[in-house]
Amino acid sequence: FASLHLKKPLADQETHLSNMSIDAMQQATIETRPGVGYGLGWRITKSEFGFKTVTHTVGMPGVRTRLT
């Protein structure tokens with residue numbers, strides 16, 4: 001899943017999303033505070049140096065995961 005969002009599918013993976021669709025999913029559609037927004041399932045932050053970080057977290061009792 002992560003490699004597909006990095007536009008680098010593994011040899012045995014087939015992607016069904018265009019690069020344009022992936023880019024659109026990783027663009028903030030709402031800003032929650034300066035430099036932090038939310039896209040389609042992703043939290044998007046920009047550092048003071050202009051680097052973009054795309055993150056998704058999920059959890060339930062006893063389990064927490066983070067994909068950055």
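**Reading a small fold, pocket first**

Modeller: Let's start with the parts list: the protein has two helices and five strands. Keep in mind that this is a predicted model.

Colleague: In what order do the elements run from the N terminus on?

Modeller: The order is α-α-β-β-β-β-β, so to speak, helices and then strands.

Colleague: And how do I read the overall dimensions? What box do the C-alpha atoms fill?

Modeller: Take the principal axes, and the C-alpha atoms fill a box of roughly 40 × 35 × 20 Å. For a distance inside that box, try alanine 2 and glycine 37: they are 35 residues apart in sequence, and their C-alpha atoms are 20 Å apart in space.

Colleague: What share of the residues counts as buried?

Modeller: Of the 68 residues, 19% count as buried. As for the accessible surface, the total is about 5600 Å², and carbon and sulfur atoms hold 60% of that.

Colleague: How much of the contact list comes from residues 24 or more positions apart?

Modeller: They make up 10% of the contacts with a separation of 6 or more.

Colleague: Now the charges. How far apart are the mean positions of the positive and negative ones?

Modeller: There are 8 positive and 5 negative charges, and their mean positions lie 8 Å apart.

Colleague: On to pockets. How does one look for empty space?

Modeller: The general idea is to roll a probe the size of a water molecule over the atoms, which shows where empty space is left. Here, the largest pocket has a volume of about 220 Å³.

Colleague: Which residues line the largest pocket?

Modeller: The lining is Ala2, His5, Leu6, Asp23, Gln26, Trp42, Lys52, Thr53, Val54, Leu67 and Thr68. Helix α1 (2-5) and strand β4 (52-60) each supply at least two of the lining residues. Strand β4 gives the most, with three residues.

Colleague: Let's take alanine 2 from that lining. Why does alanine 2 count as partly exposed?

Modeller: Partly exposed covers the range between under 20% and over 50% relative accessible area. Alanine 2, which is found in helix α1, counts as partly exposed because its relative accessible area is 32%.

Colleague: And threonine 55 in strand β4: is threonine 55 buried or exposed?

Modeller: Same kind of reasoning: buried means under 20%. Threonine 55 has 8% relative accessibility, so threonine 55 counts as buried.

Colleague: What does threonine 55 touch, leaving out residues up to four places away in sequence?

Modeller: Threonine 55 touches Gly41, Trp42, Arg43, Arg66, Leu67 and Thr68. Look back at the pocket, and you'll find Trp42, Leu67 and Thr68 in its lining too.

Key: Residues numbered from 1 in each chain as written. Predicted model: local features only at pLDDT ≥ 70, side-chain atom pairs only at ≥ 80, totals over all residues. Heavy atoms only, no water. Helix = DSSP H or I, 4+ residues; strand = E, 2+ residues; numbered from the N terminus. Buried < 20%, exposed > 50% of the residue type's maximum accessible area, 1.4 Å probe, protein only. Contact = heavy atoms within 4.5 Å. Areas by Shrake-Rupley, 256 points an atom, 1.4 Å probe, with all protein chains shown as cover. Lys, Arg positive; Asp, Glu negative; His and termini not counted. Charge placed at Lys NZ, Arg CZ, Asp CG, Glu CD. 1 Å grid on protein atoms, 1.4 Å probe; cavity = no way out; pocket = protein on both sides within 12 Å on 5 of 7 lines; lining within 4 Å. Points joined across faces, edges and corners; volume = space filled by probe spheres on them.
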